[in-house]
Amino acid sequence: MIADVITIFPAMVEAALAAGVGGRARERGVVDVKVRDLRDYTDDRHRTVDDVPYGGGPGMVMKPEPLFRAVEAIAAERGAPSAVVLMTPQGRRFDQATAIRLSQLERLVLICGRYEGVDERVAESLVTEEISIGDYVLTGGELPALVVLDAVVRLVPGVVGDAGSVETESFAGGLLDFPHYTRPASFRGRDVPEVLLSGHHAEIARWRDAQRVERTKRRRPDLLKGNHHEGDRNG
Ligand code: 4FV
C-alpha cells in the first residue's frame, strides 16, 4: 500500500506515524506512507494555503490551488491515486468495512482540512470520497486521517505479526470482541474466568463466541441488525 497525507502540520503527522506496528511496517517497507507539506505546493512567498470566505462569515477557507497542485504532483510521482479522501464532518461515517475496502487499494491520498474547511471545488472535482470519523468538530483533519491510516495500515498483509489477531477482533463478523485477560489469574479479588484456565480450547472458543454475542446484544444491539445473531437480541 502506498499512501500520501497532505497537511499543513507534517511534523504532527510524522510523529504519530512513527509509532507502533505502523511505524515498524513503514521502516520495513511493507507500507509506503509519505507526508506532504501543503505549503510546498503554494506559489507565493507567504506560502498561503487559506483565504477569507466568499459571502463573509468567520474564519478562513483552504484554497483550492495548493490542494490540486499537491494531488497532481503526487499522481505524477507515484501514479494516479486509487482514492483521494477528504476528512470532513460532512463525510460518510468511517467504519471497519471502509477500513477493509481502503486497505485493498493500491494508492491512497488523504487530505487534512484546517480552518473552517476546504473550498467546495476540491470536494467536487479532486476528491473521490469524503469520510468522517464522528459527529463532532475538530480543529483539523490530521487526527481523523491518522485514525483512518491506523485502521487501514494494520489490515495490510504483513503489518500485524499475527494475522489471526486481525481476523478475530471487534467488528470481525459484525460482533464486538470477547473480553481479554492476562496474568495474574487473580487481581484485587477479581479472578480470571475458570474456562480460560482450563486448557479446553473448544470450550474456550465457545465461551468467547458467547461473550461476543452477549456483549454485542448488551452494548451495541444496533450491530446485530441483519446479523444472523439478530434473533438472539431478544434473549
Ligand atoms: C472531522 C471529523 C473534522 C472540521 C473543520 C477540520 C474539522 C476543520 N474530519 N471527521 N469529525 N474536521 O472535525 O473528519 O477544518
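Axes here are lines fitted to C-alpha atoms, for helices over the stretch in contact, and the angle between two of them runs from 0 to 180 degrees between N-to-C directions. With that in hand, here are the close-ups; please keep in mind that the model is predicted.

**View 1. Helix α1 packs against helix α6.** Look for residues 10-17 (α1) and residues 142-153 (α6), whose axes lie 10 Å apart at an angle of about 25 degrees. Since angles under 35 degrees count as roughly parallel, α1 and α6 are therefore roughly parallel to each other. The crossing of α1 past α6 is right-handed. On the α1 side the contact is made by M12, V13, A16 and L17, and on the α6 side by E142, L143, L146 and L149. Sorted by class, this contact has seven nonpolar residues and one charged residue, with no polar ones.

**View 2. Helix α4 crosses helix α6.** Here α4, residues 96-103, comes into the picture, and its axis comes within 8 Å of the α6 axis, with a crossing of roughly 70 degrees. An angle from 65 to 115 degrees counts as roughly perpendicular, which makes α4 roughly perpendicular to α6. This crossing, too, has a handedness to check on screen: α4 and α6 cross in a right-handed way. To find the meeting place, select A99, L102 and S103 in α4 together with V148, A151 and V152 in α6. By class, the contact of α4 with α6 holds five nonpolar residues and one polar residue, and no charged ones.

**View 3. The surroundings of the ligand.** There are 16 residues around the ligand, and those that come nearest are Y115, I133, G134, Y136 and L138. Backbone atoms feature in the distances shown here. A backbone N or O atom of R114 is 3.1 Å from a ligand oxygen atom, and for Y115 a backbone N or O atom lies 3.0 Å from an oxygen atom of the ligand. Y136 offers a polar backbone atom 2.9 Å from a nitrogen atom of the ligand.

**View 4. The backbone at Y115.** Y115 sits in the loop between β6 (107-112) and α5 (120-125). Its phi is near 60 degrees, a positive value in a residue other than glycine. Y115 is also among the residues that come nearest to the ligand.

**View 5. A cis peptide bond before P184.** The bond joining R183 and P184 is cis, with omega at about 5 degrees. To locate P184, follow the loop between α7 (164-167) and β8 (186-187).

Definitions and conventions. Residues are numbered from 1 along each chain as its sequence is written. This is a predicted model: local features need pLDDT of at least 70, side-chain atom pairs count only at pLDDT 80 or more; totals for chains, interfaces and linings use all residues. Side-chain values use heavy atoms; hydrogens and water are left out. Helices (H or I, at least four residues) and strands (E, at least two) are DSSP runs, numbered from the N terminus. Angles under 35 degrees count as roughly parallel, over 145 as roughly antiparallel, 65 to 115 as roughly perpendicular and the rest as oblique. A crossing is left-handed if the near helix is turned anticlockwise from the far one by less than a right angle, and right-handed if clockwise. Contact means heavy atoms within 4.5 Å. Ala, Val, Leu, Ile, Met, Phe, Trp, Tyr, Cys and Pro count as nonpolar, Asp, Glu, Lys and Arg as charged, and the others, Gly among them, as polar. A residue is near a molecule or strand if one of its heavy atoms lies within 4 Å of it. A polar contact is a pair of N or O atoms within 3.5 Å; within protein, one must be able to donate a hydrogen and the other to accept it, and residues adjacent in sequence count only if both atoms are side-chain atoms.
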